[in-house]
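Let's take a walk through this one together, looking at how some helices pack and what the cysteines are up to. Keep the viewer open as you read.

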Amino acid sequence: MDIESITQVNKGGFFSHWGNCLRALPRSSKSKVINFTRSIKKIGKDDPRRVIHSLKVAIALTLVSLFYYSRPLYDGFGVAGMWAVLTVVVVFEFSVGATLSKGLNRGCATLLAGALGVGGQHLATAFGERAEPIVLGILVFILAAGSTFFRFFPKIKARYDYGVVIFILTFCLVTVSGYRVEELFELAHQRLSTILIGAAACMVISIFICPVWAGEDLHKLVASNIEQLANYLEGFEVKYFHCSEDKGKCEKSILEGYKSVLNSKASEESLANLARWEPGHGRFRLRHPWKQYLRIGALTRECAYKIETLNNYLNPEIQASLEFKCKVQEPCTRMCSESNKALKAISSSIKTMTDPSAAKIHIENSENAVEDLKVALEIVSLEDTELVAIIPVATVTSILEEITKSVEKIYESVSELSHLAHFESVVEPNVSPEKPPLLHRGIIKPVVDIDNTVDHVEITIQEITTDSPEKEKASTKPSEHL
């Protein structure tokens, strides 16, 4: 009896559980749909170019699909028209550089592999029917092994890896299928034509309809990373040295912005590689020095790693000596402030593609602050101070000095970019020189009145400037009587 009651209770619990799930299903489905809609909206708002890219891919696929929908085109290319659709799906990428890279790699690899495949097929037939498959197998083995080995070369891996893969695939398809297909040349011609048409459609639409340039993204990324470092130094100055008038600037997001710079190497290298494929556009000429951006990025990350070390001293475990901190505060705040201003000037010069000479004065000021810090450390007295309490502040001053040197290296690298990329020179406003002060030379003569009632003094004033000797002969002003 007890077993039956337990079984009935379990059945009741099972049905009640599923009943609750069914009742909650509409609400959970509604919340999932709402969350999915919000995520779609967020992705579109974060970068509206993603929506435009989706429409561009749809346009390209619609155009190449005409090879199947249109009878004249289908009669000309047949089933090989599907290769055009496949090419668009594989080749069309977000940026112009990525699309050109894949399109040109695929087109050239298909052309070369198709030609070698047809040549290899004719070579194999010359050895007779029995030796033909053996020769084809040897050719496939040699080219597949050699091409796969070449993929390990860093430069080929970075720029031509996709082309090598397509080369292997196309060569194997042509040679293997050509063994059973009589009209091999016609088959290769159809596939090559449709692939080239699909790749050309992708490249034309990518370039001429709302293009997304990888080089421009790299340019903005490098400038943004430098600005992130400047913002951190500004926030560090406020928080560490307790500048009460700037408390509003010290936000958590500002103090954590440098972390994105630490992981930017892969993005910078990828964008620089894609930017080399792009034609000249806008302010970027055909052979723009994209490699220089990688050098600037490396120096920026070097500075960011020093900032990460500096960040550990915002909340030190050991209480720092306030007396020692006050003695070095003034040069340290100047180092922070001037380095921050220099980085912002460098970032601005990259964004506007102008000469970064405006940052030079700030770098010189930061170097002067370093010298003042050395003087302050020489005259400071440490007799009544514990060494453990001095270490945190001394470490901060040392790191700030290293950051100042890193900022100078970034400035030199950006100056080199400015020279290579022919940035615009900053024209300083013409200020008319102030007129030199007037020098007056005069003679005082007493004048005696006839009636001897009123005394007069005659003063003769000559106006002279320091511009030229000729002006020393200026006309005498009218006499004044006092």
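**Helix pairs and cysteines**

Start with helix 11 (residues 214–241) and helix 16 (residues 322–352), whose axes cross at roughly 160° and come within 8 Å. Because angles over 145 degrees count as roughly antiparallel, helix 11 is roughly antiparallel to helix 16. The crossing of helix 11 and helix 16 is left-handed. As for what lines this contact, helix 11 and helix 16 bring together 14 nonpolar, eight polar and six charged residues. Bear in mind that you're looking at a predicted model.

Now swing over to helix 5 (residues 82–91) and helix 6 (residues 96–125). Their axes sit 9 Å apart, and the packing angle is about 140°. That angle makes helix 5 oblique to helix 6, because roughly antiparallel would take an angle over 145 degrees. On the helix 5 side, the contact is made by Trp-83, Leu-86, Thr-87, Val-90 and Val-91, while helix 6 puts in Thr-99, Lys-102, Gly-103 and Arg-106. Sorted by class, the residues joining helix 5 and helix 6 come out as four nonpolar, three polar and two charged.

And the cysteines? How many disulfides does the structure hold? Zero. Take Cys-332, which is in no disulfide: the nearest cysteine sulfur belongs to Cys-336 and lies 7.3 Å away, whereas a disulfide needs the two sulfurs within 2.5 Å. Is Cys-332 buried or exposed? It's buried, because its relative accessibility is 1% and the cut-off for buried is under 20%. Cys-326, on the other hand, is exposed, with a relative accessible area of 56%.

Methods: Residues numbered from 1 in each chain as written. Predicted model: local features only at pLDDT ≥ 70, side-chain atom pairs only at ≥ 80, totals over all residues. Heavy atoms only, no water. Buried < 20%, exposed > 50% of the residue type's maximum accessible area, 1.4 Å probe, protein only. Axes fitted to C-alpha atoms, helices over the stretch in contact; angles between N-to-C directions. Helix = DSSP H or I, 4+ residues; strand = E, 2+ residues; numbered from the N terminus. Parallel < 35°, antiparallel > 145°, perpendicular 65-115°, else oblique. Contact = heavy atoms within 4.5 Å. Nonpolar A, V, L, I, M, F, W, Y, C, P; charged D, E, K, R; others polar. Left-handed = near helix turned anticlockwise from the far one by under 90°.
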